[in-house]
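Reader: I would be grateful for a close look at one loop and at the chain to which it belongs. Please set it against the packing of the model as a whole, and indicate where caution is needed.

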Amino acid sequence: MLMKSLLIPVVITMMVLPSCFPDYGLDVEDYRAVFTQYDTAVYDNPAAKAELRSFYLVDSVFHVIDPNSKDTITRAYDRQLLSFVASNFRSLNWTQITDTAGGVEPSTIIRVSVSTQTNIGYYLNSWNTWDPYWGGGWWGYPGWGWGGWYPPYWGGSGRYTYATGSLFVQQDRIVPASNPSDTAALHPIWLGTSNGLLTSDQQSNINMLSVELRQMFTQSPYLALPLQP
Amino acid sequence: MSTRRFVSIVLAVTALCMSPLPTLRANNDQWGLTLGYYMAIPVSAMHDFVDRYSWQGLGGEVTYLATESDHIGFAAGWQRFDGLYRDALSEFAGGAVYGTQVRSITAIPLLIKATHTIGDPIQKIRPYLSLGAGAYVVTEVMDVGLYEFSSTNVHLGFMPAVGLNFRLGYRNNLLLQVDYNAALSSGTNVFGRTDNHQNYIGLKALLHFGR
């Protein structure tokens, strides 16, 4: 008897338990992440790495946007971003080449890009409001002349939007063309990406970006070059 | 197939198995059904990924009484481990990812089990030993920022167990069990690990309907 009375609660528990997931209470900072990737054939190869000494930083930040959309990304912090990237590479014993017209060829080229995206989601909220609509002022079956019955509308749905932003720092190795009349090829050897939710506070967004830029270099110790004699 | 869908199917099959239970009891004394609540502690490499105690687990077993002391059966289960890790850095070949990570591992054991109960069947409390072998379907998920990385693999594995059988009646028992679940490496590189074996200690409370 006891076992029979335990059976149904056990089964109900088994059906409910898999749907229980903890709510970690994440906030905006928790939705940001920093990714770095590198070419192991270059940075894990001492001989290949020894050929890398200098970089040229493209002096503007690319905005990656839909060609049919208006560019609403601010340029107020471009100088700050570029300066931060350059100073980090220099601190890792890279030499910055600022003038390629002087005949000094850099071994790598670095480009900084940003993009933003607005995401739209919809939700149905069938628990918070219950608003049955009986229709026609009468209740009854259609065809009986009572005006019909309409299924109740439980109400509550919504739309939400959130914006995400990404910052890309890409380093390409310049591979000289075998034929002097051809252009050199670019071979990507390092990519740092930060991505996350954007807030309406621009300064807050830039502060987070600065932290993430620093993290890109922190988790890329292989970028460090030996001190030149 | 998603984990939730698989678990729903397992539960539905279990419920279907239970519906003819009274008939089975009347017609065939050898068959039994075990349902239980599972907790678990990750160990070894599993602990390196998620180091939290798991309170989300359940499962069941269809058993056949081979002798008065021996059962064989088919056991299926579901166990979930998860944890939040802030400022976590995960490195893999050729890169790394940093951020707040929500990590989870879901293990679904599908085992053929043999159980030997020690002592006289009329005793109220008897110890038992069992050994299960079969497959573990393991899904590892890492949520970082706005991205989710997931890998599902099938591992060969085994599960030795010890427990106590409390007789509640002629055909009903309460089982308290400790077991060691060892899912061997499937050979897949998961989040930078070439050896993706999963090990955890299970703590189970089960109700057995049958002899």
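Author: Two residues are in contact if their C-beta atoms, placed from the backbone, lie within 7 Å. On that basis, among the contacts of chain B with a separation of 6 or more, 60% join residues 24 or more positions apart. The model is a predicted one.

The secondary structure of chain B consists of three helices and eight strands. Their order from the N terminus is α-α-β-α-β-β-β-β-β-β-β. Chain B has 211 residues, of which 38% count as buried.

The loop to examine is the one that joins β7 (172-183) to β8 (198-209) in chain B, and H197(B) lies in it. Is H197(B) buried or exposed? A residue needs 20 or more C-beta neighbours within 10 Å to be buried, and 12 or fewer to be exposed. H197(B) counts as partly exposed because it has 17 such neighbours inside 10 Å.

Residues up to four places away in sequence aside, H197(B) touches A45(B), A183(B), L184(B) and S185(B). One of these partners, A183(B), is also the residue at which β7 of chain B ends. A further relation concerns G157(B), which is 40 residues from H197(B) along the chain; the C-alpha atoms of the two are separated by 9.3 Å.

The wider packing may now be considered. In soluble globular proteins, nonpolar side chains tend to be buried together. The largest nonpolar core here has 27 residues, and A33(A) and V85(A) touch the most other members. Helix α5 (residues 202-218) of chain A supplies the largest share of this core, namely five residues. Another core, of 15 residues, lies apart from it and includes V50(B), W78(B), A107(B) and A183(B). The last of these, A183(B), is among the residues touched by H197(B).

A33(A) has partners in both chains. Beyond its neighbours within four places in sequence, it is in contact with N195(A) and G196(A), and also with V97(B), Y98(B), G99(B), V144(B), G145(B) and Y147(B).

V85(A) falls within helix α4 (residues 78-91) of chain A. The 14 residues of this helix reach 20 Å from first C-alpha to last, close to the 20 Å expected at 1.5 Å a residue. After α4(A) comes N93(A), with a positive phi near 75°.

Finally, a caution on confidence. The average pLDDT of chain A is 78, with 76% of its residues scoring at least 70. Residues 127-154 of chain A have pLDDT below 50, although this stretch has 32 contacts in the model beyond near neighbours in sequence. Where pLDDT is low, the predicted coordinates should not be read in detail.

Key: Residues are numbered from 1 along each chain as its sequence is written. Chains are lettered from A and ligands numbered from 1 in the order in which they are written. This is a predicted model: local features need pLDDT of at least 70, side-chain atom pairs count only at pLDDT 80 or more; totals for chains, interfaces and linings use all residues. Helices (H or I, at least four residues) and strands (E, at least two) are DSSP runs, numbered from the N terminus. A nonpolar core is a set of buried Ala, Val, Leu, Ile, Met, Phe, Trp, Tyr and Cys residues joined through C-beta atoms within 7 Å. The expected span of a helix is 1.5 Å times one less than its number of residues. pLDDT is the predictor's confidence in each residue, from 0 to 100.
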